Amino acid sequence: MSKLLAITGITGKSGFSFAEVLAQNYSAVEKLFPGGIRVLVRSGSNTAKLDNILPKAEKIKGSLKDKDYIKKSFEGVDTIIHIAGIHLSEEIVNAAVINRVRRMILVHTTGVYSKYKAAGEEYRRIDDYVYETCRKNNITLT
């Protein structure tokens with residue numbers, strides 16, 4: 001399998017900042033992922049700026065709330081960088097398991113450490129699910 005990198009959330013603020021760093025280091029990224037970069041973007045997203053800085057990236061349009069879209073988008077993927085949000089992480093990791101993804105890098109929220117924020121409990125539950133699922137399926141997790 002040729003190593004392929006998939007990225008979610010690349011058209012958001014944090015994701016686009018990450019895309020700019022990728023673009024600046026593209027030759028190194030190509031060596032790590034000779035299969036290329038696949039970005040999952042919403043159907044209605046304006047990708048013009050992304051097209052300019054990552055013209056070789058394969059864009060797959062759809063919704064991260066669509067399990068079939070996620071599953072198909074991760075076919076042949078070696079590594080996932082998930083920036084789109086913690087609430088989508090359970091389905092992302094489930095699709096990673098189905099597609100035998102080797103490594104996942106998830107950008108989550110510091111809200112998991114909050115003792116006062118009501119959402120903190122939900123974030124911790126999602127985090128626990130992701131960690132346990134990756135452990136059981138030998139997916140390296142960052």
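Here are some notes for a first look at this structure, which is a predicted model.

1. Start with the sheet. Six strands make up an open sheet, and reading across it the order is S3-S2-S1-S4-S5-S6, with parallel pairing. The edges are strand S3 (58-62) and strand S6 (140-141), each of which pairs on one side only. If you haven't looked at sheets for a while: strands pair through backbone hydrogen bonds, and they can run parallel or antiparallel.

2. Now zoom in on one pair. Strand S1 covers residues 4-8, and its parallel pairing with S2 runs over 5 bridges. For a handy landmark, find Leu4, which stands opposite Gly36 in S2.

3. Next, the nonpolar interior. The largest nonpolar core holds 24 residues, and among those with the most contacts inside it are Leu64, Phe74, Ile80 and Met104. Several elements give two or more residues to this core: S1, helix H4 (67-73), helix H5 (89-98), strand S5 (103-106) and helix H6 (119-136). There is also a second, separate core of 17 residues, which includes Val29, Phe33, Val41 and Ile81.

4. Met104 is worth a click. Setting aside neighbours within four places in sequence, Met104 is in contact with Ile80, Ile92, Val93, Ala96, Cys134, Ile139, Thr140, Leu141 and Thr142. Ile80 and Ile92 are also, like Met104 itself, on the list of residues with the most contacts inside the largest core.

5. Then the pocket. The largest one has a volume of about 290 Å³. Its lining counts 18 residues, and the closest to the centre are Gly9, Arg42, Leu64, Ala84 and Leu88. Leu64 may ring a bell, as it is also one of the best-connected residues of the largest core, by contacts inside it. Helix H1 (13-24) and strand S2 (36-42) each supply at least two lining residues. What is the mix of classes in that lining? The split is 7 nonpolar, 8 polar and 3 charged residues.

6. Last, a loop residue. Ser45 sits in the loop between S2 and helix H3 (48-53). Is Ser45 buried or exposed? Ser45 counts as buried because its relative accessible area is 14%, and the cut-off for buried is under 20%. Not counting residues up to four places away in sequence, Ser45 touches Thr11 and Lys61. Thr133, by contrast, is 88 residues from Ser45 in sequence, and the two C-alpha atoms are 30 Å apart in space.

Technical notes. Residues numbered from 1 in each chain as written. Predicted model: local features only at pLDDT ≥ 70, side-chain atom pairs only at ≥ 80, totals over all residues. Heavy atoms only, no water. 1 Å grid on protein atoms, 1.4 Å probe; cavity = no way out; pocket = protein on both sides within 12 Å on 5 of 7 lines; lining within 4 Å. Points joined across faces, edges and corners; volume = space filled by probe spheres on them. Helix = DSSP H or I, 4+ residues; strand = E, 2+ residues; numbered from the N terminus. Nonpolar A, V, L, I, M, F, W, Y, C, P; charged D, E, K, R; others polar. Pairing = 2+ DSSP bridges. Core = buried A, V, L, I, M, F, W, Y, C linked by side-chain atoms within 4.5 Å. Buried < 20%, exposed > 50% of the residue type's maximum accessible area, 1.4 Å probe, protein only. Contact = heavy atoms within 4.5 Å.
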